[in-house]
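Trainee: I'm new to this one and would like a close look at a single part of it, the second largest pocket. Could you walk me through what lines that pocket, and then set it in the rest of the chain?

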Amino acid sequence: MAEIIVSPLLQVVFDKLANPLLEHIADRLSLKKEVRKLQQTLYVIQAVLADAEEQQLTNGALRIWLTELKEVAYEMEDLLDEFSLEAMRSRNRGFAERSCFPIPSLQVRQVDCVDLLHRLKQIKEKLELLAEEKSNFHLRNTDSYRDTSKRGRRQTGSLIIESEVLGREEDKCRIIDQLLSSNNSSPGDIPVVSIVGLGGLGKTTLAQLVYNKDTVAAQFDLKIWVCVGDDFDLVKIMVSIIESASKNKCDIFEMDVLQFRLHEILLGKRYLLVLDDVWNEDDCEWEKLRMPLRSGVEGSRIIVTTRSKKVAMIMESTCTLQLEGLSDDDCWTLFKQRAFGNKEKEHQNLFPIGRKIVKKCGGVPLAAKTLGSLMRFKREEREWLVVQESDLWDVSQSGNGILPALRLSYSHLPPHLKACFAYCAIFPKNYIIKREKLVQLWVAAVVGNEFKMLEHDNITEDLSEVRHSTVVCNFSLYTVPEALYAATKLRSLILLLPKGDLGEVPHGIFSSFRHLWVLDLSGSGIKKLHDSISSNIFLRYLDISNTHIENLPEAICSLQNLLVLNLSNCYNLIELPIGMFTLYKLRHLIINGCGRLITMPPWIGKLQYLQTLSVFIVGKDAGQHLNQLKNLNLGGELTIRQLQNIRDAAEATEAHLIGKRDLKSLSLLGK
């Protein structure tokens, strides 16, 4: 069951409500009061949203409430985009009147202000109803809410069966050396050894191995084990330390008394303290705990296990061990122990499949153990093949398997990063994702989490709520599957055509998906884009790289929200639209590999947010000179062609290439 994430979407809505252009339109249409009420209602909902998102997995009614909120937030964002479009059109009209060069007539869909006002009223009413309904769930305000008990707090202890641990001998010896060696730390400071690594790698296991070693035990007067977890509650931690050290229950809950009691217990003692599974990144909280810990004598040590390098830094670790994954052989041994027990010889036919399954573990011992346990009651080769060919993260839903161990890492991501992580579900298995492209997609589209990867011949489900989709098209049919047109709320569409012979983009894509933000037709073989693309006013990302297209329609210049235009390796591309300078939001214009392109559209320098311009062709006409680069903060790679058209040294100096410090590569070419 996918988690419903509304926080990043709501934040986007807040940002758009605060846009000066939108405020100008609201003032012009006498809507300032309505917008203010909208903001106030959103604040009321946002205050409890973190609690709602956390409780949704155990509360079906709350999940329905979040779903309705998400739909209203999407409606609101679409509406605000249309208001913003009217604001941009107004601004561009003024820009045209002040300009001495022509602006082409753009095919922009006219905004019906009466319709917008009616929709705004409807959205406000829906939000007010949702704000009233939230009281039914007794949600807590985000500012005061830190109760993590509902997460099923993970507990660990110090005991371990050493013979069952594999592949950690070298790491164990390194930690022991740090514990037993002399240390030149500052007087009064207790040296900290941190073990850092992903969930499930065996950080706790390694700490247990060290903790129970006889040579370590002989070195210390006291050994203390405390599982901290994600809730860094100082009172609970100090009570746990006292109870572990004294082996008696502690009923003290006053901070001052606790600090004094802990000071008494540690005074004059050489102790070893293990703080397992630490998440706290607040150095002030750590300092409060460290004060009573300084009571121990020289030779005392603290071991910390954590998933965060920042935690290790905050705790001023004298040694940090970055834990790596186990070898395939060690993972295979762990897997066999769980999958076969003492009956290995009876099931050797399953070994080849099992080894392939183990490779999916990525060196994570918890994954090997969990998968092994899953396979223990499966003895048919076909059952093992199903697991081998499936997605690893779908194979275990048990309460103590892989997902709960990794979910904590996911839970600690801020909402916008959760959405980024979830967006990757749009790509098919084994798809190679280029880093730059993924970042651009995140910027353009990530505010929701309704993702679907579809195959042309296997679309049987309801697509009405799908927002982001990749479609693997049929090898023999160069068309978009008809069933896809039911996804009228689609915001991201990535078409994967194996043979790249689409020819022309079906008109239905532009007319059916009015709210499209991302359209990726790379490698599709298209030769022409229809003017009807102008109706996709929300489009932020357009990728038609590696296609046969020769020119772009001027209608492209109607896409006032466009952030990324990727035309790389369009070998037949001859020219770009003359009005591209009106795409004032454009950040990335990628035109490397367009060998037949011989001129640039004028006034590229007007695109003040442009970060990527892979090629600039110096021209002779106004608006095409090298000084167009003057105010652009470009990064990545830049190739400047047709240098012979530079008029003089002053023009070259005015381009201010020396100030573009984010450039990684600069190529200068003549004819």
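Mentor: Sure, let's start from the outside and work inwards. Keep in mind that this is a predicted model. The accessible surface of the chain comes to about 32000 Å², and carbon and sulfur atoms account for 51% of that. Of the chain's 671 residues, 50% count as buried. As for the fold, you'll find 22 helices and 16 strands in the chain. If you take contacts between residues at least 6 apart in sequence, 66% of them join residues at least 24 apart.

Now to your pocket. The second largest pocket has a volume of about 1100 Å³, and 40 residues line it. To find its centre on your screen, look for Glu436, Lys437, Gln440, Asn566 and Ile590, which lie nearest to that point. Several elements each give two or more residues to this lining: the helix α20 (435–445), plus the strands β8 (492–496), β11 (564–566), β12 (588–590) and β15 (636–641). Of these, α20 is a good one to colour up, since the largest share of the lining, 8 residues, comes from α20. What about the chemistry of the wall? The lining of the second largest pocket divides into 16 nonpolar, 15 polar and 9 charged residues.

For contrast, turn to a closed space elsewhere in the model. A search of the whole structure finds 1 cavity of 30 Å³ or more, and the volume of the largest cavity is about 80 Å³. Its lining is made up of Leu17, Leu22, Glu23, Ala26, Leu31, Val35, Leu38, Leu80, Phe83 and Leu120. Here the elements that give two or more residues are α2 (20–28), α3 (32–46) and α5 (60–98), with the largest share, 3 residues, coming from α2. The mix in this cavity lining is 9 nonpolar, no polar and 1 charged. Set that beside your pocket, where 15 polar and 9 charged residues join the 16 nonpolar ones.

One last thing to check while you're looking around is the cysteines. The structure holds 0 disulfides. Two cysteines worth clicking on are Cys319 and Cys557. Cys319 has 7% relative accessibility, so it counts as buried, and Cys557, at 0% relative accessibility, counts as buried too. The cut-off behind both calls is under 20% relative accessible area.

Notes. Residues numbered from 1 in each chain as written. Predicted model: local features only at pLDDT ≥ 70, side-chain atom pairs only at ≥ 80, totals over all residues. Heavy atoms only, no water. 1 Å grid on protein atoms, 1.4 Å probe; cavity = no way out; pocket = protein on both sides within 12 Å on 5 of 7 lines; lining within 4 Å. Points joined across faces, edges and corners; volume = space filled by probe spheres on them. Helix = DSSP H or I, 4+ residues; strand = E, 2+ residues; numbered from the N terminus. Nonpolar A, V, L, I, M, F, W, Y, C, P; charged D, E, K, R; others polar. Buried < 20%, exposed > 50% of the residue type's maximum accessible area, 1.4 Å probe, protein only. Contact = heavy atoms within 4.5 Å. Areas by Shrake-Rupley, 256 points an atom, 1.4 Å probe, with all protein chains shown as cover. Disulfide = S-S within 2.5 Å.
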